[in-house]
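This briefing covers selected local features of one protein model. The topics are listed under short headings.

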Amino acid sequence: MSVRIFLALCLLAGLPGLADAQSSTPPPQSPALASPAPLRPPTRADQLRGEYGRYRANNDLLSYLLDIRVDPERKFISGTNTIRFRMLADDTRIQLDLYANLAVDEIRLGTTVLESERELNAVFVKFPSPLKAGRTYAIDVRYSGTPREEGRFGGITFKRDPDGRPWINTACEGEGAAIWWPNKDQWRDEVEEMELRVAIPSDLVLVSNGRFAGKTDLGDAYTRWDWHIQYPINNYNVSLNIGNYTHFSDRLGDLPLDFYVLPGSLEKAKVQFAQAKPMIEAFQRFFGDYPFKKDGYKLIEAPYSGMEHQSAVTYGNRFANGYLEKDWTGVGISPRFDFIIIHESGHEWFGNAVSAADVSDMWIHEGWTTYLEDLYVEHRFGREDALKYINGYKSKVRNREPIITQRGIHRTPTQDMYFKGALFLHTLRSVVDDDERWWKLLKETFQQFKYQNILTEDLVQFFNARLGRNLTPIFDQYLRRAALPILQLAFNDKERTVAYRWEADERAFAMPIRVGRRGQWQTIVPTTEWAVTPSPVPKEEFEVATDLYYVNVVKQ
Ligand SMILES: [Zn+2]
């Protein structure tokens, strides 16, 4: 049989938004994420930030004690981070990070003052004699300065609330935590726990991550607020929220829920934040217990849309459903819930508990959490609405660059990591084609990797082992290639047969898919080689379940 390769795509009906996806209009910005950097050669700063080189790999973080004073009038921060770490190799230097515009005032190991060398935002700390593998050390890094505001949410901003009171917030995932405090600013290694001691003017409130551990009047019109984070935490998740906050609380079983908003928002917040409980219940059902129980769950009003700060989710979604009062996926589902509460809190499971070990694998945060939105919709409103919701995301996908970027340079992936990442997981569910098994796999994945920093390879290996199948080419096609797989169909209506194959960059790509007539689907397992099957359904009526699998289809 002779087969002609079609150059033009002939899209099946029922692929909402795919045309939009191919238009040149830039899609709206994704939540809690700066625009991806345009493709350009990596700068020295990208390398210093992204490489897990010798002076990072030679040590393992144990804890931070960040003890600082924040002066709202001068927009000035000063203080000390005590960094405890275990050496993994004998060595005489380690790499820390602090933005170049902030001063390193002194670094000490006990009573010994240490030398350091700065290169852009990196700080290389030098020790007079080699630190020994296996031993634990603590250094005090004293610093000060006026942090620069930059990036989508400003990194750290010194604003005023509507009453003119100071309102200071951090959100620095894109810029890195080193924009306001010294730390080992990379994704692979996390501290096991952290203490924050932050002195602020006594008429303000400080809400941070972890459990509130008391406050002390310092007698100079400043009060020190103490918070204790009792779990591993990404540096960028460490968050200050300083303002004229008012507080109310609730419980979900033995999980404390604490809410902090400006006084003018209190009544609206009491209504809107009621969504926290069913959200946590939904995610607990899919994945298991809320992962930061000892630290509690908090929602904190902030002057930007929102961010998943661990156990201290910041919220600025105008106390309204949807995303910034818009129907986020354009299919009538997102106005039923508060996008920021659901999405940013979903990150407690994927992003905060299960974390990517490199920014190149950030889809583990964003693709998964976007998929969690869809699980929430399915749990609350049913399968039909969930299908509508997830397919609504097709209009936001561009398929121009792979989701996984190059490792070792700090480059935030394109926003396809959100929507295509979620559509990929949705597609995998159809590939597994056994919901009970799928739900079990999701829970096992979370339980296996919680409190760890992992790479995509770890997930692929786990999925392959649990399912006893080789899904690697499917993961690779969706995550490491730009183009969607295309299902090519060639009909012979006279013989009542259809020939099929995948056009994909991965030669070993083989993925089952449901085709034929809706309601009576037939599952075929195309590879990249042509195969033929009898089909009673003529070309014009022949459908592909593109609502269950995110693929393109060409009929000829
Ligand atoms: Zn997110």
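The lining of the largest cavity is an even mix, with three nonpolar, three polar and three charged residues. The model is a predicted one. In the whole structure, the search turns up one cavity of 30 Å³ or more, and the largest cavity holds about 30 Å³ of space.

**Cavity lining**

- The residues that line the largest cavity are R49, E173, G176, A177, D185, Q186, W187, N235 and Y236.
- By class, G176, Q186 and N235 are the polar members of this lining.
- The charged members are R49, E173 and D185, and the nonpolar ones are A177, W187 and Y236.

**Zinc site**

- Three protein atoms act as donors to the zinc ion: NE2 of H343, NE2 of H347 and an OE atom of E366, lying 2.0 Å from the ion.
- The spacing of these donor residues along the sequence is H-x3-H-x18-E.
- H343 belongs to helix α6 (residues 339-346) and E366 to helix α7 (residues 363-381), so this pair ties together parts that lie 23 residues apart in sequence.
- H343 counts as buried because its relative accessibility is 0%, against a cut-off of under 20%.
- E366 is likewise buried, because its relative accessibility is 0%.

**Nonpolar core**

- The largest nonpolar core contains 165 residues.
- Within this core, the residues with the most contacts are V70, I139, W180, F273, Y297, W363 and F463.
- Helix α9 (residues 416-432) supplies the largest share of the core, at ten residues.
- Leaving out residues up to four places away in sequence, F463 touches W368, L428, W438, L441, T445, G468, L471 and F475.
- Of these partners of F463, L428 falls within the residue range of α9, and W368 falls within that of α7.

**Helix α8**

- Helix α8 (residues 383-392) is mostly covered, as seven of its ten residues are buried.
- The buried residues of α8 are D385, A386, L387, Y389, I390, N391 and G392.
- The elements that cover them include α6, α7 and α9.
- Two of those covering helices also hold zinc donors: H343 is in α6 and E366 is in α7.

**Strand β20 and V313**

- V313 is located in strand β20, which spans residues 313-315.
- With a relative accessibility of 0%, V313 counts as buried, because the cut-off is under 20%.
- Beyond its neighbours within four places in sequence, V313 is in contact with Y297, K298, L299, I300, M307, E344, S345 and E348.
- Among these contacts, Y297 is also one of the residues with the most contacts inside the largest nonpolar core.
- Two other partners, E344 and S345, fall within the residue range of helix α6.
- The C-alpha atoms of V313 and G134 are separated by 36 Å, and the two residues are 179 apart along the chain.

**Partly exposed residues with contacts distant in sequence**

- R165 sits in the loop between β9 (155-160) and β10 (166-171).
- Its relative accessibility is 26%, so R165 counts as partly exposed.
- Not counting residues up to four places away in sequence, R165 touches K159, R160, D203, L204 and N244.
- One of these partners, L204, is 39 residues from R165 in sequence, with a C-alpha to C-alpha distance of 8.7 Å.
- K277 is part of helix α5 (residues 276-287).
- K277 also counts as partly exposed, because its relative accessibility is 28%.
- Apart from residues up to four places away in sequence, K277 touches D250, R251, L252 and L257.
- The C-alpha atoms of K277 and D250 are 9.2 Å apart, with their positions 27 residues apart along the chain.

**Positive phi outside glycine**

- Most residues other than glycine have a negative phi.
- N399, in the loop between α8 and α9, has a positive phi near 55 degrees.
- Y451 also has a positive phi, near 65 degrees.
- The loop that holds Y451 runs between α10 (435-449) and β22 (452-454).
- Y451 counts as partly exposed because its relative accessible area is 33%.

Definitions and conventions:
Residues are numbered from 1 along each chain as its sequence is written. This is a predicted model: local features need pLDDT of at least 70, side-chain atom pairs count only at pLDDT 80 or more; totals for chains, interfaces and linings use all residues. Side-chain values use heavy atoms; hydrogens and water are left out. On a 1 Å grid over the protein atoms alone, a cavity is a set of points where a 1.4 Å probe fits but cannot get out, and a pocket is an open set with protein on both sides within 12 Å along at least five of seven lines; lining residues have an atom within 4 Å of a point. Grid points are joined across faces, edges and corners, and a volume is the space filled by probe spheres set on the points. A nonpolar core is a set of buried Ala, Val, Leu, Ile, Met, Phe, Trp, Tyr and Cys residues joined through side-chain atoms within 4.5 Å. Buried means under 20% relative accessible area, exposed over 50%, partly exposed in between (1.4 Å probe, protein chains only). Helices (H or I, at least four residues) and strands (E, at least two) are DSSP runs, numbered from the N terminus. Contact means heavy atoms within 4.5 Å. Donors are N, O and S atoms within 2.8 Å of the metal (3.2 Å for Na, K and Ca); water is not among the atoms, so sites may look incomplete.
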